[in-house]
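Please open the model in a viewer and keep the selection panel at hand. The stops below proceed from strands to sheet, and then to the empty spaces.

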Amino acid sequence: MIDSNAVNALRTRTLGPEHKSVPPSTWGQSVEQFISTAPTLADFQTPLLTLDRGRMQHNIAVMAEWAQHAGVRIAPHGKTTMAPALWRLQLESGSWAITLATIWQVQLARAFGVERIMLANALVDPVGLTWLASELEAHPEFEFYCWADGLATVKAMNAVLASSAGARRVNVIVELGGEHGRTGARTTESARGVADAVVASPSLALAGVGGYEGALSHDRSPTGLTDVRTYLDTVAALHRELLDADLYDTHAVVTAGGSAYQDLVVERLAAMADEKGERGVATSVVLRSGAYIIHDDGFYSQISPMNSARSDNPLRSAMHGWARVVSTPEPGLALLDAGKRDLPFDEGLPVPQSVEHAEVTALNDQHAFLRMPEDSAALPVGTVVRLGLSHPCTAFDKWRLIPVIDDADSDNPLVVDLVHTFF
């Protein structure tokens, strides 16, 4: 499902000043050479983002077991990490595919040999479509799906694919949206029209239905959960309509499920797994949860069905920020050397985990404002503060190379790997 040789080759890449916070003494060494010296967290400069190996392994195992028990498949959203080494861990744990968001991300995944990819987006870019047609023709083992939510999308795809070399048709999943949501046909009637247009196309194959429920709610209030359930029921109804009409080609995918409401996806859609139409077309229910491998100490820790309040075997945050006190200009205030260029802030500010009664109240580009009671003892300049973070998607995109440590709770964690990202 992925080319391990290509992934392993990342460990031969040379370290240099383009790799933020890596010690300058390592420049010119390969990743493999550096890791062989058994470096520790203290060897790195701040600011720093780290991943916890044990917690990632735990999260992967929890999700794999949960999905298997529910009878659904996982196609984790690779845009969360854009890290082929982590994609490999997910695929080796039984993930059905890797989901991506842009055709460039698909091309990167293909460079690492990923054989089954879902593009959870429309593909109308002429350059991208031309590349896709060629890639499908040259690699029969490559299985690809993309989305369409309107007749204009189908028309744009047909216009390019009709003149592109290759006989393989592109698998299309009809995207159903919701009122005030993101993309997606707004009614089942218009979605059915898209499906009919796909079936009529010589270049496309109808392969399923899907969408993104996370755009319809951002909490677990009764209203929010009702909105998500109602939406998922419309996805199920659309799929059964298309199945009963015998419109699918050889198989059908029903896909939903970000990292906030996967329990509701299982509740409303899992029963359709392995359902068959009159011609024996089987249905697969596919979750696209991407954040679970990292989880967090913020947004997902609150809303996920797999947090400690809702699960006996919860996910654990596998990412942490580390920042150093560089100034204590007034009582109750310390400035840290990490800011918006280093740490996520769109779904909540970092949370100090190694300093009591402290709060990060603001981030500048390269500074964090750490507030404490004015009568608190001043943190010595040079103190390193561990930070809990929110939203892995906007943490990873700030780092080309992320150290993996053996245990974030130890006094000086051992660095066991360096993970390359591609953004």
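Begin by selecting strand S4, residues 116–122: five of its seven residues are buried, so the strand is largely enclosed by the rest of the structure. Buried here means under 20% relative accessible area, with exposed over 50% and partly exposed in between (1.4 Å probe, protein chains only). Helices (H or I, at least four residues) and strands (E, at least two) are DSSP runs numbered from the N terminus. The model is a predicted one, in which local features need pLDDT of at least 70 and side-chain atom pairs count only at pLDDT 80 or more, while totals for chains, interfaces and linings use all residues. Residues are numbered from 1 along each chain as its sequence is written, and side-chain values use heavy atoms, with hydrogens and water left out.

**Neighbours of S4**

Add strand S3 (residues 98–100), which pairs with S4 in the parallel sense over three bridges; two strands pair if DSSP finds at least two bridges between them. Thr 99 stands opposite Met 118, and Leu 100 is opposite Leu 119. Next display helix H5 (residues 103–111), which makes a right-handed β-α-β unit with S3 and S4. A crossover is right-handed if, with the strands pointing away from the viewer, the path from the first strand over the helix to the second runs clockwise.

Then select strand S5 (residues 143–148), joined to S4 in the parallel sense by five bridges. Leu 119 stands opposite Cys 146 of S5. From S4 the chain crosses through helix H6 (residues 126–138) to S5, again in a right-handed β-α-β crossover.

**The whole sheet**

Show the eight strands of the open sheet, whose order is S2-S9-S8-S7-S6-S5-S4-S3 and whose pairing is parallel. Its edge strands are S2 (73–74) and S3, each of which pairs on one side only.

**Around S7**

Move to strand S7 (residues 204–210), where seven of the seven residues are buried. Strand S6 (residues 170–175) pairs with S7 in the parallel sense over six bridges, and Val 172 faces Leu 206 across that pairing. Helix H8 (residues 188–200) completes a right-handed β-α-β unit with S6 and S7. Toward strand S8 (residues 251–256), S7 is joined by three bridges in parallel, with Gly 210 opposite Thr 255. The chain passes from S7 through helix H9 (residues 222–244) to S8 in a right-handed β-α-β crossover.

**Pockets and cavity**

On a 1 Å grid over the protein atoms alone, a cavity is a set of points where a 1.4 Å probe fits but cannot get out; a pocket is an open set with protein on both sides within 12 Å along at least five of seven lines, and lining residues have an atom within 4 Å of a point. Grid points are joined across faces, edges and corners, and a volume is the space filled by probe spheres set on the points.

Which residues lie nearest the centre of the largest pocket? Select Lys 79, Arg 182, Tyr 212, Gly 258 and Tyr 300, from a lining of 29 residues. S4 and helix H11 (299–303) are the elements that give two or more residues to this lining. The volume of the largest pocket is about 600 Å³.

Finally, find the largest cavity, with a volume of about 60 Å³. Its lining includes Glu 175, Arg 182, Tyr 212 and Tyr 231.
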